[in-house]
Amino acid sequence: RLATNGQTILCTIHQPSSLLFEAFDRLLLLVRGGKTVYFGDIGDDAHVLISYFERNGAPKCPKSANPAEYILDVAGNPSSAVDWPSTWTESPECHGVQLEIDRINEIKRHTDSNVDDIDQSNKEFAHGNTYQTQLVMRRMFLMQWRNLQYNGTRVGLQIFSALIVGFTFYQLDNTVSSLQNRVFATLESLVISVLVINQIQPQFFRQRELYSRESSTNQYGPLAFGVSVVFTEIPFIAVANTCYFLIFYFVAGLNGKSNRAGYFYLIYIMLGIFATTLGQAVAAFAPNDLVATLFNPIITTMLLLTAGAFVSKSQIPMFWRRWMYHINPLRYVMEGLLVNELHDSRIVCRPQEFYVFEPPASTSCREYAGAWIAKAPGYINNLDAFSGCQYCPYAIGDEYTNTLTWYYVHRWRNFCIFLGFIIFNVMFVLFVTRIYKVNKR
């Protein structure tokens, strides 16, 4: 089937049956010492091959004999009176082969001046990158579709995590404690998405092992593999992360405005793609999955700790704050998701969440703190009271995000920056795949 589609097949056979022998077009026959006895066409029913040996002194081949066994008996007979290597060297068939080799070498010497005369066998691959990528991507997608265990685990993890996180932060209201819970819920979603790195890498190594075997015979190049291994993951990522969004977002009761829900959904799909490409980037330069798993916790821990959520920017050590905070892709995700969720959201303190202070005697809360509260974040619940002034630290969600120097106007800027990190991961995978050493056969 491969030969019918134009693929050249080179293989070694030992004592083949007559039926198997008929499947081959040409034969290179060697004897002890690696000396050539015959190199040329076999012919129908091996008549070309048998004619050569009979013409040069071999006994006549019986009609019922296996041609392969016949030539092995003839060429391997130590008591034969014919020196078959010398006979081949002096034969017109050998001279014809040498002329063909000279012709090919001459064509190679004139490559620059006579490109049209180059034989197609001089090309590294039978087809261009576009055709290679189409076929390899189609095959990888089919392999992914059939891998129910891999995809089922991925979707199951997202559904299970969405239920756990969603019901942990069930139907959040607009109080201060719920504001903090919205932050934690968003952070949990980010952590869960990043953890899929550990699922992606074993699949990448299996695909790369297959690529190593097939590219060693120039079946397709690194570009076809790199593009296919990245982009065949995207549809399955979208399905898994959509399941998480549909369950978590509405169970937790996050911002119900359509543009806010749409932004969260878009970012979460991109977060899945980022985690996948990051896992592939780590696996691309790692020699095996064991080494990759050693890098994973280091990279993910650094990304999460310097994203500005676990530890605010002002509390991050100076060394990391100066550079790591600014090149951390998860920082832009976290900022985008939080300002998207909290912008213009009204915050109402519960009775136990107020900070209570006493104004001077015969002075109302308005007279004592009115000028200050007009400029400060939050609000005073009882401005006309003369005692027990109740201060809530936040009036709207923006006042919380402003303390982190995160702003709603950065939403789409962060989206574009995060997209740039994804593109960098993809380019890194393609680059490392390009320089990946494959043993050529």
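## Helices H11 and H12

H11 crosses H12 in a right-handed manner (the near helix is turned clockwise from the far one by less than a right angle; anticlockwise would be left-handed). This is a predicted model, with residues numbered from 1 along each chain as its sequence is written. Local features need pLDDT of at least 70, side-chain atom pairs count only at pLDDT 80 or more, totals for chains, interfaces and linings use all residues, and side-chain values use heavy atoms, without hydrogens or water.

The axes of H11 and H12 lie 9 Å apart, at an angle of about 140° (lines fitted to C-alpha atoms over the stretch in contact; angles run from 0 to 180 degrees between N-to-C directions). H11 is therefore oblique to H12 (under 35 degrees is roughly parallel, over 145 roughly antiparallel, 65 to 115 roughly perpendicular, the rest oblique). Helices here are DSSP runs of H or I, at least four residues, and strands are runs of E, at least two, numbered from the N terminus.

On the H11 side, the contact (heavy atoms within 4.5 Å) includes Ile234, Ile237, Ala238, Asn241 and Tyr244. Phe245, Phe248 and Tyr249 of H11 also take part. H12 answers with residues that include Arg260, Ala261, Phe264, Tyr265 and Tyr268. Ile269, Gly272, Ile273 and Thr276 of H12 belong to the contact too. By class, 13 residues are nonpolar, four polar and one charged (Ala, Val, Leu, Ile, Met, Phe, Trp, Tyr, Cys and Pro are nonpolar; Asp, Glu, Lys and Arg are charged; the others, Gly among them, are polar).

## Helices H9 and H10

H9 spans residues 197-215 and H10 spans residues 222-231. Their axes come within 11 Å and cross at roughly 160°. H9 is therefore roughly antiparallel to H10. The crossing is right-handed.

From H9, Phe204, Gln207, Arg208 and Tyr211 make the contact. Pro222, Phe225 and Val229 meet them from H10. Five of these residues are nonpolar, one is polar and one is charged.

## Two cavities

The structure has two cavities of 30 Å³ or more (sets of points on a 1 Å grid over the protein atoms alone, where a 1.4 Å probe fits but cannot get out; lining residues have an atom within 4 Å of a point). The largest holds about 50 Å³ (the space filled by probe spheres set on points joined across faces, edges and corners). H7 (148-168), H11 (234-252) and H12 (258-285) each supply at least two of its lining residues. H11 gives the most, with three. The lining includes Arg154, Gln158, Ser193, Val196 and Ile200. Ile237 and Asn241 line this cavity and also belong to the H11 contact with H12. Four lining residues are nonpolar, five polar and one charged.

The second largest cavity holds about 40 Å³. H6 (129-146) and H9 each give at least two lining residues. H9 gives the most, with three. Phe204, Gln207 and Val229 are among the lining residues, and these residues also sit in the contact of H9 with H10. Met140, Gln144 and Glu233 are also among the lining residues. The classes are three nonpolar, five polar and one charged.

## Second largest pocket

The second largest pocket (an open set of points with protein on both sides within 12 Å along at least five of seven lines) holds about 970 Å³. Of its 29 lining residues, Cys11, Phe24, Arg26, Leu27 and Leu28 are the closest to its centre. Strand S1 (26-31) and helix H3 (67-75) each supply at least two. S1 gives the most, with six. The lining has 20 nonpolar, six polar and three charged residues.
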